[in-house]
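Reader: Got a minute? I'd like to go through this model with you.
Author: Sure. Put it up and ask away.

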Amino acid sequence: MKIEVEKAESENKTEIDASVVFKLGDTFGFPRDLTEVILSDKGFTYSSEGYDKLMNSQKEQARGAQKFGHDAKWEFVNYNQGSGDTFIGFNEFCAKTKVLRAGISDEGDRAKIVLEKSPFYAESGGQIGDSGTISNANMKLTVYDTKKEEGQIVHYCELIEGNFNFDKEVDVEIDQEKRFYIRKNHTSVHLLQAELKKMFGENVQQSGSYVDHERFRFDFTLNKGLTSEQIKEIESNLFLQINKSEEVIIHEKSLEEAKKMGAIAPFGEKYGDVVRIIDIPNLSMEFCGGTHVDNISEIGMIKIISEGSIASGIRRIEGICSKNAFDLFLIQDYTINKISTSLKTKKNLADVVVVQANPLIQLHGLPPLEKGIVMKSGSTSANVILDITSNSISEIEQQEQIILDGETYRLNLMFRHGLTQPVFGMKGVEIGIDIPFVSHRGGTLDGFIRNWHDAFGLTNSERDQFQDDQLHYQYRRNGATAFRMLNTSNNIGDIRLSAAWQLACRRADETDCSALRASLKLPSGKAKKLSGSGGLDFSLAHSTTRTYQRYTFNYGGGLLLNGRSDLFDEQQKALVGFANAGVNYQPGRFPWMVLKAQLDSHSAMYDSALKNLGSDSVQINIGGSVRFANKMVLDIGVVEDLVTSTVPDVAFHFALRMQHQQ
Ligand SMILES: [Zn+2]
């Protein structure tokens, strides 16, 4: 499938051939829905109609063959004389020969044919009958099965072109590729039997086997099931044996001589005076009339795909070899990669970036909580984060008064990139830029928020005393208005440059990592429009990410150094401490989503008697993320104040994140 996917990718197609999906299920027992998940994850589809068609045609084929076998009325016509049991197919795959006898079905489209000599192996000893073609100038037939009936090799045929004509000589040819794989599977069964006997002694007796071009099955006596360690041991022993590249030697001996040689005689078979022995020197020696590889190295590798009980004391092993085993390895490899990438994607889901929402506090360079894992070298992430805050605050204390009635929209474009080259000898360095757009307006959310608060029994604080949906931001001190804003404003905010350095990532799977993060906030916004502080702020933070099964914890803290501000500079604290902690839970049933809770706190930003300006803050963000369209993540959260009313009563947080990994 990996190859099919890559092929489709290179041809810019998004549809995978249904036969690939069908084969995965039919041959490897790979569940269809799992294939679907993997494909859709990569943005691929397949035709489920095509899949159903294949499924139906397989069923029909089985039905057809059954009908064939049970149809009692076959009136054979003799065309030539002969026994019809001459098999030449050990060494020859095509021949020119005569039809001895043939019978045509009532419907007139099928026939059973006996040939003078045949390269077609008739089903026996668990080996499937050969398929192929029989043709002459008048007709073309498909041979879809070959069986032994009353000592004759009978070819089950379907008319493809022309009309039945058995008078002329026919060209016959087996499906050589099929036979090629049947041989490999048959020799695999011999090696497996010998290995099982070596492991469990003579308790192991063959009680049945089946071999076709796709897989093999081996039934044997044993009281206990095999452990997965034993299966692995068998597989690796078989691999080492195959690597010995032994020639397969075929002896034809009298029954007595054969028994003296110590060959294994399979259960339930009848033998003539002369028996055929398949001898793989030092590994296996068995009576067998089947077709085999010339050298065991042709098998390549053997993979056991199932082991279980089919009756009391009887176990069944199913396996594949050669190309099928290698294909399975590719699929498993691909699946593991897929799963590990999706685990990494889950970690991407873990980012929570919430910005302080108070319009007078968001001015400053307070950094949001970021992960303890920096961007991988060469990968880039782009995030569009929208924080909507609805404020309705009115507070008077001593000589100060604040009114915050309106909505603040903060749209942040956030880019992060993992550098490929070390910086001053440091590896694992990430750089970033945040470009915010800040809009203050009357807004539209007041009514909605009142309903929200009523529904959850929360207080509407000062909201009821304001007119809905107006803008009024004001701060008065000592009887004078220090700041006032009544009109909508839209401005670019303070651009922030950031750098992060991966300190430690103790485990290869990134479950315990920490990073040092620094940021420099430039005075690109306008303090009078509350889109920036007008100062140069610097922050330094330490952040850690730890994962325990389905939980991811992000926590960190640091210091913010506030530069000179154009607004309330004399009240502004030069040094502010901050700490954040968040937990994400990934529900196993829904790999595309994560539930989150996060606490963000900081010490007071201003010297003020007002709680909304001068007190420490703790806010909680509760929400979740969903992943869609492969690499996009949407965060939705609601931010509420926990301790004081520093944070306006409701803030909504939306983030659209996109990640590109090289
Ligand atoms: Zn055999």
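Reader: His186 and His190 first. Where do they sit, and about how many helical turns separate them?
Author: Both are in helix H5, residues 176-200. They are four residues apart, so about one helical turn separates them. Bear in mind that this is a predicted model.

Reader: Why does that spacing matter for direction?
Author: An α-helix has 3.6 residues a turn, so residues three or four places apart point the same way.

Reader: Which protein atoms are the donors of the zinc ion?
Author: NE2 of His186, NE2 of His190 and SG of Cys288. They lie 2.1 to 2.3 Å from the zinc.

Reader: And how are the donor residues spaced in sequence?
Author: The pattern is H-x3-H-x97-C.

Reader: Is His186 buried or exposed?
Author: Buried, with a relative accessible area of 4%. His190 is buried too, at 2%.

Reader: What about H5 as a whole: how many of its residues are buried?
Author: 18 of its 25 residues are buried, so H5 is largely enclosed by the rest of the structure.

Reader: What span should H5 have, and what does the model give?
Author: At 1.5 Å a residue, 36 Å is expected for its 25 residues. The end C-alpha atoms of H5 are 36 Å apart, so the two agree.

Reader: What caps the N-terminal end of H5?
Author: Asp175 does. One of its side-chain oxygens lies 3.3 Å from the backbone nitrogen of Glu177.

Reader: And which residue follows H5?
Author: Gly201. Its phi is positive, near 75 degrees.

Reader: Switching to another histidine. Where is His251?
Author: In strand E13, which covers residues 249-254. His251 counts as buried because its relative accessible area is 18%, and the cut-off is under 20%.

Reader: What does the His251 side chain pair with?
Author: The side chain of Asp279, through a polar contact of 3.0 Å. Asp279 is also among the residues in contact with His251 once neighbours within four places in sequence are set aside. The others in that list are Met261, Val275, Arg276 and Ile277.

Reader: Now Leu115. Which strand is it in?
Author: Strand E6, residues 110-115. Leu115 is buried, with a relative accessible area of 1%.

Reader: What does Leu115 contact, beyond neighbours within four places in sequence?
Author: Gly84, Thr97, Lys98, Val99 and Leu100 are among its contacts. So are Ile134, Ile153, His155, Val170 and Val172.

Reader: And how far is Leu115 from Gln152?
Author: They are 37 residues apart in sequence. In space the C-alpha atoms are 8.8 Å apart.

Reader: Cysteines next. How many disulfides?
Author: The count is zero. As for individual cysteines, Cys94 is partly exposed, at 44% relative accessible area. Cys157 is buried, at 0%.

Reader: Zoom out. How many helices and strands does the chain have?
Author: Ten helices and 32 strands. The chain has 662 residues, and 48% of them count as buried.

Reader: What share of the contacts is long-range in sequence?
Author: Take contacts between residues at least 6 apart in sequence. Of those, 66% join residues at least 24 apart.

Reader: Last one. What area does the chain expose?
Author: About 31,400 Å². Carbon and sulfur atoms supply 53% of that area.

Key: Residues are numbered from 1 along each chain as its sequence is written. This is a predicted model: local features need pLDDT of at least 70, side-chain atom pairs count only at pLDDT 80 or more; totals for chains, interfaces and linings use all residues. Side-chain values use heavy atoms; hydrogens and water are left out. Donors are N, O and S atoms within 2.8 Å of the metal (3.2 Å for Na, K and Ca); water is not among the atoms, so sites may look incomplete. Helices (H or I, at least four residues) and strands (E, at least two) are DSSP runs, numbered from the N terminus. Buried means under 20% relative accessible area, exposed over 50%, partly exposed in between (1.4 Å probe, protein chains only). A polar contact is a pair of N or O atoms within 3.5 Å; within protein, one must be able to donate a hydrogen and the other to accept it, and residues adjacent in sequence count only if both atoms are side-chain atoms. Contact means heavy atoms within 4.5 Å. Accessible areas come from the Shrake-Rupley method with a 1.4 Å probe; for residues, only the protein chains shown count as cover. A disulfide is a pair of cysteine sulfur atoms within 2.5 Å. The expected span of a helix is 1.5 Å times one less than its number of residues.
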